[in-house]
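Here's a quick walk through one protein chain, from the overall layout down to single strands and helices. Have the structure open as you read.

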Amino acid sequence: MPKNDSVTRAMTNDGAFRIIAARTTDTTQQVVGAQNLKGPVAHDLADLVTTSILYRETMAPTLRVQCIVRLEDGAGQLVADSHPDGSTRGLVQPGPAGVQPDIRQTRATLEMMRTLPNSELHRGVVEVPEGGNLSDAFMRYMQLSEQIVSMIALGSVVEGDKPAAGGYVVQVLPEAAEAETAMATMTRRLEDFVEIRERLQESDGSPSQLIEQIFEGMPFTWLQTSDIRFDCPCSEVRVMTTLSVLPRSEVQELVDEGEPLSIGCDYCGTSYTVEIAQLQGLLSSS
Ligand SMILES: [Zn+2]
């Protein structure tokens, strides 16, 4: 039984399919816990965090990726970031009056971004299908923005005493002989793997068990496994960097108020205290 979150890959020996499966139970528990989220929004953020991990592992293992679900009319957004070292975080930004974003009720888009080595952003946006299914939105993105046919399922149980989260991406490889037949066979097989929450709970989210079930009876080869964890790159240095780009007059106002500044990170809940002397330091160095 796996004790840690991880991503595992495998490929069928006929070269027709590649699978990438993830266990994200601990990461999503910590993301949701850090913001004290409950109900549908906690579930949606967990699925988006899994999306960001699978997206990076599928399209850009060595790049930083970000996924944003943006609700129409400023009704809030959900954000997930995943980094090449496996560190991942997520955030819910509520709409007006603190109402939690609900993608079942409000139309939304899914925006997927990766930062290229030259710092440019590669970006694609699709509509989240009505009803708010993020697995379908992710599949739509892969098809429309990346021209990759894939079958994807995400699943998360964030509340109760048996949490579990994870998902998979199955890709039909372009070099597959008789790709259409292979696709039809896999589509039928995956009908039993659209709803994966119970499976994830039973296997403690094991990505290898999920792969064994999906590729049952098909000779396949295990590829690499990598670790995933909740981590936030916030730091005092980053807080100071953010403050250093404020207009001088605003920093001066903060100094004049005469109280240390307290800044909390929305992603992880860490709180940073900036002393007056540090603020004065910003004024003298700029
Ligand atoms: Zn943080």
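## Two domains

Start with the split: the chain divides into domain 1, covering 6–230, and domain 2, covering 236–285. Their centres, taken over C-alpha atoms, sit 36 Å apart. Keep in mind that this is a predicted model.

## Overall build

The chain carries nine helices and 13 strands. Its C-alpha trace spans about 70 × 40 × 40 Å along the principal axes. A compact globule of 286 residues would have a radius of gyration near 19 Å, and the chain's 21 Å agrees with that.

As for the inside, 36% of the 286 residues count as buried. Looking at contacts with a separation of 6 or more, 64% are between residues 24 or more positions apart.

## The six-stranded sheet

One sheet to look for is open, with six strands in the order 7-6-3-4-5-11 and mixed pairing. Strand 7 (121–127) and strand 11 (229–230) are its edges, each pairing on one side only. Strand 7 runs antiparallel to strand 6 (residues 108–115), and seven bridges link the two. Within that pair, Leu110 has Val126 in strand 7 as its bridge partner.

Two helices lie across strands of this sheet. Helix 2 (residues 40–59) crosses strand 3 (65–71), strand 4 (77–82), strand 5 (87–93) and strand 6, at about 35° to strand 4. Helix 3 (residues 134–146) lies across strand 6 and strand 7, and makes an angle of about 120° with strand 7.

## Strand 2 and its partners

Is strand 2 (residues 17–23) enclosed or open? Six of its seven residues are buried, so strand 2 is largely enclosed by the rest of the structure.

Strand 2 pairs with strand 1 (residues 6–12) in the antiparallel sense, through six bridges. Val7 is opposite Ala22 of strand 2 here. The two strands make a hairpin with four residues between them, and Gly15 in the turn has a positive phi of about 75°.

Strand 2 also runs antiparallel to strand 9 (residues 164–172), with seven bridges joining them. In this pairing Arg23 faces Gly166 of strand 9.

## Helix 8

Now for a helix with a very simple burial count. How many of the ten residues of helix 8 (residues 248–257) are buried? The number is zero, so helix 8 lies largely in the open. Right after helix 8 comes Gly258, with a positive phi near 75°.

Note on methods:
Residues numbered from 1 in each chain as written. Predicted model: local features only at pLDDT ≥ 70, side-chain atom pairs only at ≥ 80, totals over all residues. Rg over C-alpha atoms; globule rule 2.2 N^0.38 Å. Buried ≥ 20, exposed ≤ 12 C-beta atoms within 10 Å, placed from the backbone. Contact = placed C-beta atoms within 7 Å. Domains from an automatic or database assignment. Pairing = 2+ DSSP bridges. Axes fitted to C-alpha atoms, helices over the stretch in contact; angles between N-to-C directions.
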